[in-house]
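Here is a set of questions and answers for working through a structure step by step. Please keep the sequence and the 3D view open while reading.

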Amino acid sequence: MCGIAGYIGHRQAYPIVVNGLKRLEYRGYDSAGIVLYNDQKLNVSKTKGKVSDLEEISNKDNNHIGNIGFGHTRWATHGVPNDVNSHPHLSQSGELAIVHNGIIENYDTIKKELITRGYTFKSDTDTEVLINLIEEVKKENNCKLGKAVQLALTQVIGAYAIAVFDVNKPDEVIVARLGSPIAIGIGKDNKEFFVASDASPFIEYTKEAIYLEDQELAIIKLDRDIRVRKVKDDSIVSSPEVLELEMSLEQIEKGGYDHFMLKEIYEQPDAIVDTYRGRLLANEGIIKMAGVDDNMERFLNANRIIIVACGTSWHAGLVAEYMFEDFARIPVEVEYASEFRYRNPVINEKDIVIAISQSGETADTLAAIKLAKSKGAFVFGVCNVVGSSIARETDAGAYTHAGPEIGVASTKAFTTQITVLSLIALKLGKANGALSNASYHSYLQEMELIPNKVQELLVINDQIENIAREYKDAPNCLYLGRGFNFPVALEGALKLKEISYIHAEGYPAAEMKHGPIALIDEQMPVVVIATKKGHYEKVVSNIQEIKSRKGKIIAIVTQGDDTVKHIADHVIEVPDSEEAFSPLLTTIPMQLLSYHIALMRGCNVDQPRNLAKSVTVE
Ligand code: AGP
């Protein structure tokens, strides 16, 4: 889950590459490096640490000059985070340079073979093995770099997005992908090209990009063109699709907020509106969604819906399970993609699989999709990144229009995923008659009110900050919810875990009595969702059970609740709404609570340790 950024053109590459790496740092941030071509030499600067550390090293190395450059920000897989394992890596002769995102699974076998041919290795990485394999193939076949890369890649097993450069051929760059994403930004009249893991590093330079498909390789020739070929047989890909990019520079900057996470929490009202714009026509009682409309027969005749996802997207899938079964009476199973892909699940052509992913690049979810397709299921994608691998791999889909989500902890992607899934469930419930006209129309009206209710809710930020101050040193925390809000309890716990490193668990409130209640004492903060329409009385008795064991209760209740405030230590009020939509409200205080606690514990909120924004390796 590394970030690659590169440039070949007539400008100075250094500022473009370094700036690009900063925008990709959410993908991995344990080491960084750059190689610049200047004066017929390859000049490499690399270091353990962040891109800011790389800038210091480049200054010390006085390595800034060159119209061609490639950089990398790393999330270690093979070889610990240190200077020598960071990228770029050079081949044994020093003539070829590579940056790589992914894992070469059979690197050890290849390494052993190369050692018998006299190669030595400076690092522990699979990437250094790959560049030396390319060098050996080039020598053996006396062929051009593009051909050598193609031949070498037919020998490797695993995932890769790579950019390879030859000091003897300074007007050409080879990029290729399998599993890990790579985009090529096309400059005016092919006078310059940008290469990156996503479009954010070059958005202000060009709005035109080619996203390589799996098993594709591109030969980029400066001032000339891009030729795309198939890795497996070197066949030409005649007209690779050039995408017009929608993203804007403003969208990928902090806009005055201290952190991307806080900015993205505050963007949720607009993100929800953007997500149902042109889809939700509440006054006409219509939901327009081409991906569903075009496949309505399949949806209505499906035996069941299987949702596959990871992390926060999996939690959105759980909320969707409640919705699809409640609104449309369609049976739903929610699967961890990483388990689903290896469990040999029973799937057939009568099943619909919905794959949910913010990044659209999560390897386990991508593999689960391919498995489902191979067994004849129809796969529908819910993604946030336009042109991402999952968006292109699925049979149909719907984008969440949350805009770029840069904070590693997912926030607006979660609420916009729930928004899209609610629209689909309502549409199917209407179409198969499970939902009465009256309910359908009242749900549509209520959905339109949600963004304002979220906006209204965001004023509680200061109150949440005060509560956070009281619990920032808690060693553990429990989150409880029932029904539609059980997945929100899981999500709240995940948010706290991933950015504040406090151990936290989410549970169905009634599950407490079957074990977790043993954890309760005056040290244990318990966040409980007790909204009026969701099994309220039962949750109130759960709160009393915790109170009688001196647990500290932070209760999320419906505005005007006059009961829980007499039991709980803290009460956070959310606007009233349909229970099915309450996850779009109850999740906000949880996002803010984890944000403030993490901040007070001095954690890096946007780039928490050991994590990365999109998990492109399994
Ligand atoms: C959530 O905050 C995490 N970043 C992580 O759990 C994430 O949801 C998971 O990796 C899935 O990512 P995706 O939605 O991009 O597939």
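In what follows, Ala, Val, Leu, Ile, Met, Phe, Trp, Tyr, Cys and Pro count as nonpolar, Asp, Glu, Lys and Arg as charged, and the others, Gly among them, as polar. The model is predicted.

Q: Into how many nonpolar, polar and charged residues does the shell around the ligand divide?
A: The shell to be sorted is made of the 14 residues around the ligand, and S313, S357, S359, T362 and E498 come nearest. Sorted by the classes given above, the residues of this shell come out as 4 nonpolar, 8 polar and 2 charged.

Q: Which element gives the largest share of the shell around the ligand?
A: Two elements give two or more residues to this shell, namely α17, which spans 486–500, and α10, which spans 311–327. The largest share amounts to 3 residues, and the element that gives it is α10.

Q: Which residue has an N or O atom in its side chain 2.5 Å from an oxygen atom of the ligand?
A: Polar contacts to the ligand can involve the backbone or a side chain, so it helps to take the backbone first, with a polar contact counted as a pair of N or O atoms within 3.5 Å. A polar backbone atom of Q358 is 2.7 Å from an oxygen atom of the ligand, and a backbone N or O atom of V408 lies 2.8 Å from a nitrogen atom of the ligand. The side-chain atom asked about, at 2.5 Å from an oxygen atom of the ligand, belongs to T362.

Q: What percentage of the ligand's accessible area does the protein cover?
A: Among the pairs that link ligand and protein is the one between a ligand nitrogen atom and a backbone N or O atom of V408, at 2.8 Å. On its own, the ligand has 410 Å² of accessible area, and the part of this that the protein covers is 91%.

Q: What is the approximate volume of the second largest pocket?
A: This pocket is the space taken by the ligand. Its lining has 30 residues, and C310, G311, T312, A612 and V615 lie nearest its centre. The volume of the second largest pocket is about 680 Å³.

Q: Which element gives the most to the lining of the second largest pocket?
A: The lining divides into 12 nonpolar, 12 polar and 6 charged residues, and C310 is one of those nearest the centre of the pocket. Elements that give two or more residues to the lining are α10, β20 (351–357), α12 (363–374) and α17. With 4 residues, the element that gives the most is α10.

Q: Which element gives the most to the lining of the largest cavity?
A: The whole structure holds 4 cavities of 30 Å³ or more, and about 70 Å³ of space lies in the largest cavity. Its lining has 13 residues, with C2, R74, T77, H87 and G102 nearest its centre. The elements giving two or more residues to that lining are α4 (126–141) and β6 (96–104). With 3 residues, the most is given by β6.

Q: Is the peptide bond from H87 to P88 cis or trans?
A: H87 is among the residues nearest the centre of the largest cavity, while P88 lies in the loop between β4 (68–74) and β5 (89–90). The omega of the bond from H87 to P88 is near 0°, and the bond is cis.

Definitions and conventions
Residues numbered from 1 in each chain as written. Predicted model: local features only at pLDDT ≥ 70, side-chain atom pairs only at ≥ 80, totals over all residues. Heavy atoms only, no water. Near = heavy atom within 4 Å. Polar contact = N/O pair within 3.5 Å; in protein donor to acceptor, adjacent residues only side chain to side chain. Areas by Shrake-Rupley, 256 points an atom, 1.4 Å probe, with all protein chains shown as cover. 1 Å grid on protein atoms, 1.4 Å probe; cavity = no way out; pocket = protein on both sides within 12 Å on 5 of 7 lines; lining within 4 Å. Sits in = over half its atoms within 2 Å of the grid points. Points joined across faces, edges and corners; volume = space filled by probe spheres on them.
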